[in-house]
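Thanks for coming. I'll walk through one model this morning, and I'd ask you to keep the structure open while I talk.

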Amino acid sequence: MSDTAAVSATGLNIIKRIRRDHSPVVIVMVGLFLVVLISGALITDDFLTWFNVKTIIRDAALVGIMAIGLTFVTLSGNFFLLSMKEIAALSIICFATLMGADWNQWGSAGGEVTTFGLLATFLVAFMITMLVATIAGAAQGALIGLGGNPIVVTLGAAGLFFGIGSWWSDNLVVSYRRPHGAEWLGTGSFFGDIPNITVAFIVIAVVAELVLRYTTFGRQVYLVGANRAAGRATGHENFGMAIKCCIIASVCAAFVAVAFSGQVSSAHVNYFSSEFGSSGDMTIMVIAIVMVGGNSIMGGYGSTLRTSLGAIFISTVDNMMVLNGFNSGARVLAVGLMIVFSIIVFALVRRGSRAVE
Amino acid sequence: MERLKHWVTENPDLSFAILLAVSVYSFFAITEPLFFTHRTGFAIMERFAVLGLVGLALTLCIIAGEIDLSIGSNAALAAVITVRFTDSLGAINALLIALAISTSIGIIQGYFIAYLRIRAIVLTVGTLMLLRGVALFAAEEKTVMLTDFRIPDFISTKMFVYFSPASILVIFMFVLVGLFMTYTRYGREIYAIGGARKEALASGISLKRPMIIVFAISGFCAGLGGVIIGLRSGTAQALGLQYLLLAGTVAAFIGGVSILGGKGGVIGAAIGTLTVNFLNTGLVFNVTPAFMVQMYLGILLLVVIMFQTGSRLFEGSQRRSQLLQDADRRRSILADKIARLRNSPG
């Protein structure tokens with residue numbers, strides 16, 4: 001009798017401590033995650049295998065990296081960029097064109113393929129792609145920072161970037177030959193059976209989280225996002241912040257584009273619109289991840305850790321539905337329901353704690 | 001002439017929109033011999049039927065200080081539902097079902113936005129994906145098609161040289177919404193929550209009613225646009241109609257809405273849509289690929305936004321320098337007075 005009372009008391013204590021130490025948002029999220037995970041594991045065969053866990057994280061990697069980049073924009077109070085997939089499209093065209101360019105073939109000097117040469121080709125293409133993405137991001141960021149609405153600015157920029165990408169590639173598939181210098185990023189693995197892209201995802205997630213938590217820049221992101229007036233009063237204008245955050249988001253998108261191009265040795269502007277993943281539109285998928293992770297869209301609240309968990313969560317649900325034989329419609333529906341559900345839950349949880357803007 | 005000048009200074013945005021529309025039209029009319037014909041006029045009005053609805057919906061949303069990102073998905077869903085059920089239920093029933101569904105989606109969105117007090121972009125980016133999923137589900141991931149092509153023929157019958165049943169319906173819709181926005185209390189409430197939300201709420205306007213009305217109209221317009229596209233082309237895709245958001249936003253912004261809300265109107269929306277249609281149609285004459293059209297629209301949107309932001313910044317700095325000047329003047333007057341008092345004998 002006393003034993004059961006003690007056990008239930010410890011149980012209550014644990015619940016109390018969890019409720020004290022963590023915000024309700026986190027509890028809801030973790031609870032949901034556990035419910036999905038456990039029910040999925042029970043009804044799905046082959047779900048809880050090491051191979052499948054690897055697949056889930058690998059699937060989450062590409063969209064996850066993009067979402068981590070976007071989280072900076074969201075945290076700094078600039079909503080989100082509707083041009084993520086178009087930046088990626090422009091970058092992938094840029095990268096593939098440069099990988100296939102005649103002047104950039106350092107690998108096959110004298111008819112012999114050398115690792116060093118392949119890497120040189122890759123590096124040249126990679127650096128120029130990053131430069132293009134940086135310019136694209138900075139241009140958008142400047143417009144946003146001057147006071148343009150982020151949604152409308154990036155909606156227009158999306159059309160512009162997509163147009164430039166299509167025009168550059170003549171709306172054709174740009175392909176380059178294997179072996180090429182991006183294989184290690186796209187399909188290779190240095191650490192046994194863990195693909196490099198997964199490693200890159202984890203490294204980027206950790207670095208982003210550290211930057212947000214322990215650097216001055218990270219603090220400034222939170223400050224500008226949480227209270228723009230206070231930021232301005234202390235000399236942190238949104239102008240510079242918007243530019244920096246948009247550059248981070250663009251560079252992450254470009255990195256994803258490079259990695260994806262490395263997988264398929266080719267590029268097309270539509271890779272991120274239609275053929276990517278289950279859910280059609282990559283931009284919306286990325287925004288979905290940021291939201292499902294529980295970051296505040298108004299800025300100032302959230303972290304990239306949440307975003308990474310959101311990516312893995314969505315990927316888990318997707319994976320489970322694939323294993324159970326659902327079609328793409330049901331999967332898009334599920335992700336849509338998850339976003340709307342998380343928006344409503346987080347809005348209810350946080351209701352009253354933030355002024356209405 | 002004097003009155004025209006007065007009108008232009010009173011409505012700078014509208015006159016800019018008219019100027020832009022006229023110059024785009026005359027550019028293509030001069031460079032393309034076939035542009036200035038009745039047939040092209042009819043084609044432009046046919047495009048107007050769909051884009052006009054989307055432009056109208058987005059104009060209303062932006063007047064209310066929000067933006068409805070789910071408009072393309074809502075239209076695609078309506079198109080899929082109409083086309084899928086026309087064969088079994090008849091066009092009228094299918095159309096009514098689709099319109100009812102898209103309007104109620106709008107109402108639910110508006111309710112949640114007002115109830116949760118979140119920005120519309122937050123919710124509508126979620127419903128954007130959700131409605132795509134529903135549309136994919138409804139279409140079973142296929143392109144749905146009509147078998148009876150008398151309905152598409154009826155919808156694009158030519159009437160009065162330039163019009164078809166679809167475009168007449170849309171013009172009627174424009175008139176209705178225009179009257180509603182100008183002459184009813186509910187319409188003015190929409191302007192109020194857009195232009196000065198805090199003040200409007202403080203003066204006792206509930207956020208719910210105008211928000212629900214705006215999103216109901218937006219959902220209805222999106223649905224009607226989807227129905228027209230679906231029935232006219234006889235096919236519908238769940239993942240289609242994504243371009244509507246960009247084109248509609250461009251139309252709304254050319255029509256003179258401000259992202260801060262509370263500005264703009266139905267006439268502006270009509271002119272903005274017509275400008276976009278002139279551009280679209282003219283570029284088709286030039287054999288421009290679709291992605292280039294998208295690019296031009298993107299550039300146009302960026303230019304309009306830069307113009308707006310620039311004029312806002314300029315006005316702000318003008319006001320600041322005005323204030324400083326006033327302060328300087330007052331100080332010098334005061335200094336004069338003090339000096340005079342000191343110098344005065346006694």
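Which domains does the domain assignment of chain B give? There are two entries: domain 1 covers 13–288, and domain 2 covers 289–346. Keep in mind that this is a predicted model, so let me put the confidence figures next to that.

For the model, ipTM is 0.85 and pTM is 0.87. Chain B has a mean pLDDT of 87, with 100% of its residues at 70 or more. Within chain B, the lowest confidence falls in helix α7 (residues 150–155) of chain B, where the mean is 75. The highest is in helix α11 (residues 208–233) of chain B, at 92. As a general caution, predicted coordinates should not be read in detail where pLDDT is low.

Back to the domains. Between the C-alpha centres of domain 1 and domain 2 of chain B there are 37 Å. The two do touch: 12 residues of domain 1 of chain B are in contact with 12 residues of domain 2 of chain B. On the domain 1 side, α12 and α13 (266–285) of chain B each supply at least two residues. Which helix gives the most to that side? It is α12(B), with seven residues. By class, the domain 1 side has eight nonpolar residues, four polar and no charged.

Next, the contact between the chains. Here 40 residues of chain B meet 43 residues of chain A. On the chain B side, at least two residues each come from α5 (91–116), α6 (120–139), α12 (243–254) and α14 (290–343). That side of chain B is made up of 29 nonpolar, seven polar and four charged residues. So α12 of chain B turns up on both surfaces: the one that touches chain A, and the domain 1 side that touches domain 2.

Now to chain A, and three helix pairs. Two packed helices are described by the angle between their axes and the distance between the axes, and I'll keep to that.

First pair: helix α3 (residues 50–75) and helix α12 (residues 282–292) of chain A. Their axes are 9 Å apart, at an angle of about 65 degrees. α3(A) and α12(A) are therefore roughly perpendicular, and the crossing is right-handed. From α3(A), the contact includes V63(A), M66(A), A67(A) and L70(A). From α12(A), M282(A), M285(A), V286(A), I289(A) and V290(A) take part. The residues of this contact divide into nine nonpolar, three polar and no charged.

Second pair: helix α8 (residues 196–214) and helix α9 (residues 216–226) of chain A. The axes come within 5 Å and cross at roughly 75 degrees, which makes α8(A) roughly perpendicular to α9(A). V211(A), L212(A), R213(A) and Y214(A) of α8(A) meet F217(A), G218(A) and V221(A) of α9(A). By class that is five nonpolar, one polar and one charged.

Third pair: helix α13 (residues 304–323) and helix α14 (residues 328–349) of chain A. Parallel or antiparallel? The angle is about 150 degrees, with the axes 10 Å apart, so α13(A) and α14(A) are roughly antiparallel. This crossing is right-handed. I314(A), V317(A), D318(A) and M321(A) of α13(A) contact A330(A), R331(A), A334(A), V335(A) and M338(A) of α14(A). The contact has seven nonpolar residues, no polar and two charged.

That's what I have. Questions, please.

Terms used
Residues are numbered from 1 along each chain as its sequence is written. Chains are lettered from A and ligands numbered from 1 in the order in which they are written. This is a predicted model: local features need pLDDT of at least 70, side-chain atom pairs count only at pLDDT 80 or more; totals for chains, interfaces and linings use all residues. Two residues are in contact if their C-beta atoms, placed from the backbone, lie within 7 Å. Helices (H or I, at least four residues) and strands (E, at least two) are DSSP runs, numbered from the N terminus. Ala, Val, Leu, Ile, Met, Phe, Trp, Tyr, Cys and Pro count as nonpolar, Asp, Glu, Lys and Arg as charged, and the others, Gly among them, as polar. Axes are lines fitted to C-alpha atoms, for helices over the stretch in contact, and angles run from 0 to 180 degrees between N-to-C directions. Angles under 35 degrees count as roughly parallel, over 145 as roughly antiparallel, 65 to 115 as roughly perpendicular and the rest as oblique. Domain bounds come from an automatic or database domain assignment. pLDDT is the predictor's confidence in each residue, from 0 to 100. A crossing is left-handed if the near helix is turned anticlockwise from the far one by less than a right angle, and right-handed if clockwise.
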